[in-house]
Amino acid sequence: MKKFLALILALLMITALFSACTGDKEVKEAIEETEDTPSVSESEAEPEPEPEPEPEPEPDEFYTKVTESGRPIAVMIDNDADYKGPQAGLENAYMIYEVYVEGGNTRMMALFKDGFFDANTPSDTRIGPVRSSRHYFLDFAIENDAIYAHCGWSPKAQTEISSRGVNNINGLYETAPFYRFSTYDNSWHNLYTDFARLSKAADSHGYKRTTAVSDKYLKNYKVPEEGASAVKVSVPYTQCKINYTFNEETGLYDRVRRGNAHTMQSGESISVMNILILEMQNVNLNDGENKGRQDLYDTGSGKGKYITGGKAIDITWEKADRSAKTKYKANGEEISLNPGLTFVQIVPPTLGVTVE
């Protein structure tokens with residue numbers, strides 16, 4: 001009997017020992033399996049979302065207006081001595097060309113578009129004084145696909161307006177689009193117009209009123225990354241010295257004409273976003289009248305500067321023919337202008353423009 005009990009006890013001890021070993025193994029395997037299996041929170045966690053890109057800023061209001069499809073109207077503007085009185089309407093232009101004419105004087109051609117007139121700037125806002133045409137201004141009117149307003153012409157301009165099919169409005173023959181405003185002067189320097197009158201005249205001629213032509217503009221203002229300092233600019237035309245001073249508060253260049261702020265009849269002074277200095281040689285033109293009228297070599301290519309945001313960049317201008325669009329290039333690439341009024345100063349290479 002004792003032997004039997006001893007045998008039973010031995011069997012029970014062996015069974016317990018085996019169970020313990022097996023249990024340890026199962027526990028160990030369970031622990032290892034738990035360690036190898038990712039937790040529910042880890043397996044179901046979503047990846048972090050990519051940061052959303054910054055939204056593009058809305059295009060500058062000027063950019064929207066200047067690139068709309070309305071066809072521009074170019075107006076020849078008197079730029080004789082100050083005693084003739086202040087000019088009017090240039091503050092509403094988007095681009096203005098200034099070029100030598102006879103006698104060492106300069107004349108301007110200002111470009112206007114419908115989008116720049118609204119309730120605050122009515123389309124009947126005065127523009128002028130309006131002056132006569134010179135043939136090389138036609139090149140810049142044509143390249144901008146502009147309707148061309150003037151009063152009178154030189155012999156060569158008269159011939160080319162006809163031969164080149166320029167859509168023009170001439171105050172010599174059309175009285176409705178123009179009127180005399182003699183407050184400042186009683187001579188031929190007191191002829192004025194406005195965008196509303198010119199638009200009505202263009203419609204009466206049946207001229208097309210839309211265009212696909214535009215200069216290249218940035219959508220928003222940007223200071224050039226490269227370029228020399230351009231805080232002061234001097235353009236010493238013989239009879240009309242021009243100076244610009246960069247205004248850091250406005251980001252614009254305040255324009256001085258013949259020693260005084262370039263002020264309009266409205267009382268507003270001209271401030272400019274962009275200045276284009278284009279070196280183009282002018283020479284005396286023999287048109288049979290011996291009045292010292294000029295010709296202009298404005299085709300091919302030449303040197304220049306693009307000045308904006310307190311910086312000046314050396315550029316090359318290129319114009320394939322007299323009717324072609326002028327391209328402005330820096331380092332071989334065509335540039336885009338900052339959105340804002342641009343003054344195109346066309347100068348002979350030896351004029352002595354200074355930028356500092």
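## Overview

Helices here are DSSP runs of H or I with at least four residues, strands are runs of E with at least two, and both are numbered from the N terminus. By that count, the protein chain has 6 helices and 23 strands. Keep in mind that this is a predicted model.

Of the 356 residues in the protein chain, 45% are buried. If you take the contacts in the chain with a separation of 6 or more, 66% of them are between residues 24 or more positions apart.

## Helix H6, end to end

Let's start with how H6 begins and ends. At its start, a side-chain oxygen of Asp194 comes to within 3.1 Å of the backbone nitrogen of Ala196. After the helix comes Gly206, and its phi is positive, near 80°.

## The two faces of H6

Which residues of H6 are buried? They are Phe195, Leu198, Ser199, Ala201 and Ala202. Because these residues cover an arc of only 165° around the axis, they end up on the same side of H6. The general rule behind this sort of pattern is that an α-helix has 3.6 residues a turn, so residues three or four places apart point the same way. On the face turned away from the buried side, H6 carries the exposed residues Lys200 and Ser204.

What covers the buried residues of H6? The cover includes strands S1 (73–77), S3 (106–112) and S4 (126–127), along with S5 (147–150), S6 (168–170) and S8 (191–194).

## The sheet under H6

Two of those covering strands, S4 and S8, also turn up in an open sheet of 3 strands, where the order is S4-S8-S7 and the pairing is antiparallel. S4 and S7 (179–180) sit at the edges with a single partner strand each, so one side of each has no neighbour in the sheet. The antiparallel pairing of S7 with S8 runs over 2 bridges, and Tyr179 has Tyr192 in S8 as its bridge partner. H6 packs on this sheet and touches S4, S7 and S8, with its direction at about 75° to that of S8.

## Aromatic pairs

The structure has 13 aromatic pairs. One of them brings us back to H6: Phe117 and Phe195 are stacked, at 5.0 Å centre to centre and 25° between the planes. Phe117 belongs to the loop between S3 and S4 while Phe195 is in H6, so this pair ties together parts that are 78 residues apart in sequence.

Are these two rings buried or exposed? Phe117 counts as buried because its relative accessibility is 10%, and the cut-off is under 20%. Phe195 is buried too, with a relative accessible area of 2%. Elsewhere, ring pairs join Phe62, Tyr94, Phe116 and Tyr217 into a cluster.

## Thr211, in the loop after H6

Moving on from the helix, where does Thr211 sit? It's in the loop between H6 (195–205) and strand S9 (228–229). Though it belongs to a loop, Thr211 is buried, because its relative accessible area of 12% is under the 20% cut-off.

The side chain of Thr211 has a polar partner in the backbone nitrogen of Val213, which it reaches at 3.0 Å. Leaving aside residues up to four places away in sequence, Thr211 touches Ser69, Gly70, Arg71, Pro72 and Asp145.

Notes:
Residues are numbered from 1 along each chain as its sequence is written. This is a predicted model: local features need pLDDT of at least 70, side-chain atom pairs count only at pLDDT 80 or more; totals for chains, interfaces and linings use all residues. Side-chain values use heavy atoms; hydrogens and water are left out. Buried means under 20% relative accessible area, exposed over 50%, partly exposed in between (1.4 Å probe, protein chains only). A polar contact is a pair of N or O atoms within 3.5 Å; within protein, one must be able to donate a hydrogen and the other to accept it, and residues adjacent in sequence count only if both atoms are side-chain atoms. Contact means heavy atoms within 4.5 Å. The arc is that of the directions from the helix axis to the C-beta atoms. Two strands pair if DSSP finds at least two bridges between them. Axes are lines fitted to C-alpha atoms, for helices over the stretch in contact, and angles run from 0 to 180 degrees between N-to-C directions. Rings of Phe, Tyr and Trp (its six-membered ring) pair if their centres lie within 6.5 Å; planes under 30 degrees apart count as stacked, over 60 as edge-to-face and the rest as tilted.
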